[in-house]
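Student: Could we go through how the labels in a structural description are earned, taking each one back to its value and its cut-off?
Tutor: Yes, let us look at the structure first and then take the labels in turn.

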Amino acid sequence: MGRQRILIVDDEEVNREILDTMFSLDYNTSQASNGREAINLIEEYNDLVLILLDIVMPQMDGFGVLEYMKRHGLLDKIPVILITGETVRNSEDRAYSYGIADVMHKPFYPDIVLRRANNIIELYQNKRNMEERLKEQEEAIRAQEQKIRRNNEFMIDALSTVVEFRSLETGEHIKRIKYFTRVLLKYLQKYYPQYGLTQEQIGEITRAAALHDIGKIGISDAILLKPGKLTDGEFEIMKAHTTIGCDILQSFCQEQDDFYRYCYEICRHHHERWDGKGYPDHLAGDQIPLSAQVVAIADVYDALVSKRVYKSEYANSVAYDMIVSGECGQFAPDVLECFKLAKEDFFNLVEVIKILNFL
């Protein structure tokens with residue numbers, strides 16, 4: 001690494017030369033006779049490790065330089081030692097309020113100035129090195145977290161798609177459910193801030209939505225793939241996929257964190273209805289977790305616009321009207337309102353997928 005640079009700012013040439021002689025053995029030095037020259041040199045050099053700054057100077061005083069450094073966020077990067085002939089306490093207090101490293105009074109003792117300056121330079125460099133190491137560690141941790149999240153999402157989607165293949169669906173159903181869920185959550189976040197949804201929560205609920213039907217893995221093919229209407233008995237068996245899914249989640253859950261809670265809520269309660277006529281627990285109103293309220297609409301809409309073994313697909317507008325009119329059950333009013341606001345988003349995704357499948 002090359003020699004580092006110290007900037008000496010003083011309107012008296014003799015003071016500049018004394019300081020220059022002291023530091024030139026170990027550092028490159030630059031001199032400025034006023035604040036404007038100092039700012040030009042600060043902008044020119046990127047290797048400054050210390051500024052020795054006088055207060056009283058023509059054209060621009062030392063406080064003008066400090067104000068410039070404050071505006072540009074330089075005072076945390078370049079230490080400043082104020083060297084002044086003034087003994088006014090107010091000036092020192094004002095200087096310290098900017099965040100300078102030290103104040104020394106003229107006439108100064110060269111060995112003391114040199115020792116204190118070296119200590120300050122070392123302190124700031126150690127601080128900067130530590131901040132850089134912490135930043136590198138934080139970036140490494142974030143990268144690792146993103147990798148783990150991607151791997152987890154891949155495993156969740158793969159596990160969820162197993163169920164979809166059994167019911168002659170493709171992984172597109174999982175992608176659509178996640179997309180619809182995210183869209184509804186975004187509208188809730190924007191138009192209903194009282195729910196306090198964060199970006200992290202939106203991400204976790206969206207990922208958890210992929211597991212909404214994991215319990216169908218425990219339903220026999222005779223019922224799951226039946227082309228006609230289910231009997232009452234068969235429907236009771238089908239409804240058990242909500243609780244079977246929760247049993248599966250509990251069996252391999254190692255830590256019951258927020259993500260697990262969202263998975264459990266969605267898996268168990270995405271067939272509950274606002275009026276209490278859903279299943280399996282007949283929850284009503286706000287008893288239904290918000291995550292399940294959102295996935296409930298996303299799941300019903302996707303079921304309506306998709307071809308299944310027991311039905312043909314409905315047009316986007318027909319599916320929309322069926323949900324809004326209450327033909328498919330009662331949904332949470334706030335989430336339903338967001339569904340109305342997101343109408344075009346839902347329609348567009350379905351059409352894009354149709355085009356992609358055709359291609």
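Student: Why does Phe180 count as buried?
Tutor: This is a predicted model, and in it Phe180 has a relative accessibility of 0%; buried means under 20%, so Phe180 counts as buried.

Student: What makes the rings of Tyr179 and Phe180 an edge-to-face pair?
Tutor: Their centres are 6.1 Å apart, and rings pair if the centres lie within 6.5 Å; their planes stand at 70 degrees, where over 60 counts as edge-to-face, so the pair is given that name. Tyr179 itself, at 34% relative accessibility, counts as partly exposed, because this label covers values between 20% and 50%.

Student: Why are Tyr301 and Phe346 called edge-to-face?
Tutor: With centres 5.2 Å apart and planes at 80 degrees, the two rings satisfy the criteria, so this pair is also edge-to-face. The pair links distant parts of the chain, since Tyr301 lies in helix 12 (residues 290–305) and Phe346 in helix 15 (residues 343–358), 45 residues apart. Tyr301 is buried at 0% relative accessible area, and Phe346 is buried at 0% as well.

Student: Which aromatic cluster do these residues belong to?
Tutor: One cluster is formed by Tyr179, Phe180, Tyr301, Tyr320, Phe339, Phe346 and Phe347, and the structure holds 14 aromatic pairs.

Student: How do you know that Glu132 is partly exposed?
Tutor: Glu132, found in helix 5 (residues 110–166), has 42% relative accessibility, which falls between 20% and 50%, so Glu132 counts as partly exposed. Glu132 also belongs to a surface patch of negative charge, together with Asp76, Glu131, Glu136, Glu138 and Glu139.

Note on methods: Residues are numbered from 1 along each chain as its sequence is written. This is a predicted model: local features need pLDDT of at least 70, side-chain atom pairs count only at pLDDT 80 or more; totals for chains, interfaces and linings use all residues. Side-chain values use heavy atoms; hydrogens and water are left out. Patches are made of residues with over 30% relative accessible area and no salt bridge: like charges are joined within 9 Å, nonpolar side chains (Val, Leu, Ile, Met, Phe, Trp, Tyr) within 5 Å. Accessible areas come from the Shrake-Rupley method with a 1.4 Å probe; for residues, only the protein chains shown count as cover. A salt bridge is a side-chain nitrogen of Lys or Arg within 4 Å of a carboxyl oxygen of Asp or Glu. Lys and Arg count as positive and Asp and Glu as negative; His and the chain ends are not counted. The place of a charge is taken as NZ of Lys, CZ of Arg, CG of Asp or CD of Glu. Helices (H or I, at least four residues) and strands (E, at least two) are DSSP runs, numbered from the N terminus. Buried means under 20% relative accessible area, exposed over 50%, partly exposed in between (1.4 Å probe, protein chains only). Rings of Phe, Tyr and Trp (its six-membered ring) pair if their centres lie within 6.5 Å; planes under 30 degrees apart count as stacked, over 60 as edge-to-face and the rest as tilted.
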